[in-house]
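Trainee: I would like to go through this model one element at a time. Please show it first.

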Amino acid sequence: MTVMAPTQLGLVLHPRRDVDGALQAIREWASKHGVAVGQVLIPGQPRRIGDPVDVAACDLLVAVGGDGTTLAALHAGADASRPVLGVAAGSIGILTSVRVDDLSTALEQVAEGDWTPRALAGLHIRTETGEVQMAINDFAVIRDGTGQVITAIRVDDELYVRTAGDGLVVATPLGSSAYTMAAGGPILAPGAQGIVVTPLAHHGGVAPPLVVGSDSRLVLSVEPGYGGSRFEADGQVLATEAAQVTVTLRHDYATLVTLADQEPMLTGLRRRGLVVDGPRILVRDKRTAPSGH
């Protein structure tokens with residue numbers, strides 16, 4: 001693959017976190033290398049730091065904030081196939097692979113082509129009324145008040161189960177380590193493909209989390225109950241009253257920059273305390289550790 005050094009950076013910024021250090025590092029690096037810097041404007045984003053730039057005019061998007069900011073940048077760059085470098089203005093996450101102190105070095109690596117494009121799948125969500133939404137992490141059906149949500153889950157026109165409870169969450173392989181994991185669903189390790197469907201607080205019956213093939217079609221028919229229900233894509237509420245949605249996996253939807261020395265996904269889950277060894281193992285390790293002098 002031939003990699004060209006970037007000539008135009010597009011910034012996507014967290015609306016509230018302190019990003020001054022990152023902005024200074026980016027501007028100093030860009031000035032040194034003759035690279036233009038502009039801001040990609042995200043809907044609902046109040047922060048303005050300079051001249052706006054169109055996504056299609058950028059060679060690289062730099063998301064400064066957290067995983068949520070990087071998700072917004074990935075969506076913004078998807079249609080134009082622009083890669084995104086996630087910068088942590090706080091603790092390192094799953095998508096933010098670079099600390100502010102290491103930002104200049106990371107940009108140098110990108111300019112030299114010392115990086116790998118990581119293709120991220122997206123959930124293509126189509127309602128019965130023709131509305132379309134994309135999600136990189138997950139899509140959720142959630143009860144919006146008292147009562148239960150009844151959802152029929154069909155895979156390639158075959159009924160799997162009807163659930164009654166708080167709803168369900170549908171995730172990409174990447175998103176399986178977010179809401180899905182918190183709800184007791186499986187994590188898909190790097191290299192695994194498919195869609196994960198996890199019922200939320202299922203009342204009665206048996207409805208284990210289901211891993212659907214990456215080329216399958218998932219149809220969800222929703223009865224909202226007394227309190228109503230809502231749909232969320234990547235944590236954002238969708239303005240729709242549709243009772244049926246079709247979900248498929250769109251391969252290579254967005255592109256994330258992966259640097260050569262980047263922390264692996266499973267290692268990151270352990271470091272953040274999202275995956276923890278059993279207490280018996282921790283006690284055993286303490287007993288067998290050599291004594292200090």
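**Helix, strands and pockets**

Mentor: The buried residues of helix H2 are Thr69, Thr70, Leu71, Ala73, Leu74, Gly77 and Ala78. Keep in mind that this is a predicted model.

Trainee: Which strands do the buried residues of H2 pack against?

Mentor: Packing here is judged by contact, with heavy atoms within 4.5 Å. By that test the buried residues of H2 pack against strand S1 (8-13), strand S3 (60-65), strand S4 (84-88), S6 and S17.

Trainee: What span should H2 have, and how far apart are its end C-alpha atoms?

Mentor: H2 covers residues 67-78, which is twelve residues, and the rise is 1.5 Å a residue. The expected span takes 1.5 Å times one less than the number of residues. The helix should therefore span 16 Å, and this agrees with the distance between its end C-alpha atoms, 16 Å.

Trainee: How many bridges join S6 to S17, and how many join S6 to S7?

Mentor: S6 (residues 115-127) and S17 (residues 244-259) run antiparallel and are joined by twelve bridges. S6 also runs antiparallel to strand S7 (residues 132-135). For that pair the number of bridges is four.

Trainee: What stands opposite histidine 124 in S17, and what in S7?

Mentor: Histidine 124 has a partner in each of these strands. In S17 the residue opposite histidine 124 is threonine 248. In S7 the residue opposite histidine 124 is methionine 134.

Trainee: Which residue takes a positive phi in the hairpin of S6 and S7?

Mentor: The pairing with S7 also sets arginine 126 opposite valine 132. Four residues lie between the two strands of the hairpin. The residue with a positive phi, near 95°, is glycine 130.

Trainee: Is threonine 151 buried or exposed?

Mentor: Threonine 151 is found in strand S9 (residues 149-155). Leaving aside neighbours within four places in sequence, its contacts are Val141, Val161, Arg162, Thr163, Leu168, Leu220, Ser221 and Val222. Buried means under 20% relative accessible area. Because the value for threonine 151 is 0%, the residue is buried.

Trainee: Which are the edge strands of the open sheet of six strands?

Mentor: The order in this sheet is S13-S12-S11-S8-S15-S16, with antiparallel pairing. An edge strand pairs on one side only, and this holds for strand S13 (210-212) and strand S16 (236-237).

Trainee: Which residue in S16 stands opposite alanine 233?

Mentor: Strand S15 (residues 229-233) pairs with S16 in the antiparallel sense over two bridges. Opposite alanine 233 in S16 stands glutamine 236.

Trainee: Which element gives the most to the lining of the largest pocket?

Mentor: The largest pocket has a volume of about 1100 Å³. Of its 46 lining residues, the closest to the centre are Gly68, Leu71, Ala72, Asp234 and Gln236. Elements that give two or more residues to this lining are S1, H2, S7, strand S8 (138-143), helix H4 (179-182), S15 and S16. The element that gives the most, with seven residues, is H2.

Trainee: How do the residues of the lining of the second largest pocket divide into nonpolar, polar and charged?

Mentor: The second largest pocket holds about 740 Å³ of space. Of the 35 residues that line it, the closest to its centre are Ile94, Arg118, Thr258, Gln262 and Glu263. Two or more lining residues come from each of strand S5 (98-99), helix H3 (103-111), S6, S17 and helix H5 (265-271). The lining divides into 16 nonpolar, twelve polar and seven charged.

Technical notes
Residues are numbered from 1 along each chain as its sequence is written. This is a predicted model: local features need pLDDT of at least 70, side-chain atom pairs count only at pLDDT 80 or more; totals for chains, interfaces and linings use all residues. Side-chain values use heavy atoms; hydrogens and water are left out. Two strands pair if DSSP finds at least two bridges between them. Buried means under 20% relative accessible area, exposed over 50%, partly exposed in between (1.4 Å probe, protein chains only). On a 1 Å grid over the protein atoms alone, a cavity is a set of points where a 1.4 Å probe fits but cannot get out, and a pocket is an open set with protein on both sides within 12 Å along at least five of seven lines; lining residues have an atom within 4 Å of a point. Grid points are joined across faces, edges and corners, and a volume is the space filled by probe spheres set on the points. Ala, Val, Leu, Ile, Met, Phe, Trp, Tyr, Cys and Pro count as nonpolar, Asp, Glu, Lys and Arg as charged, and the others, Gly among them, as polar.
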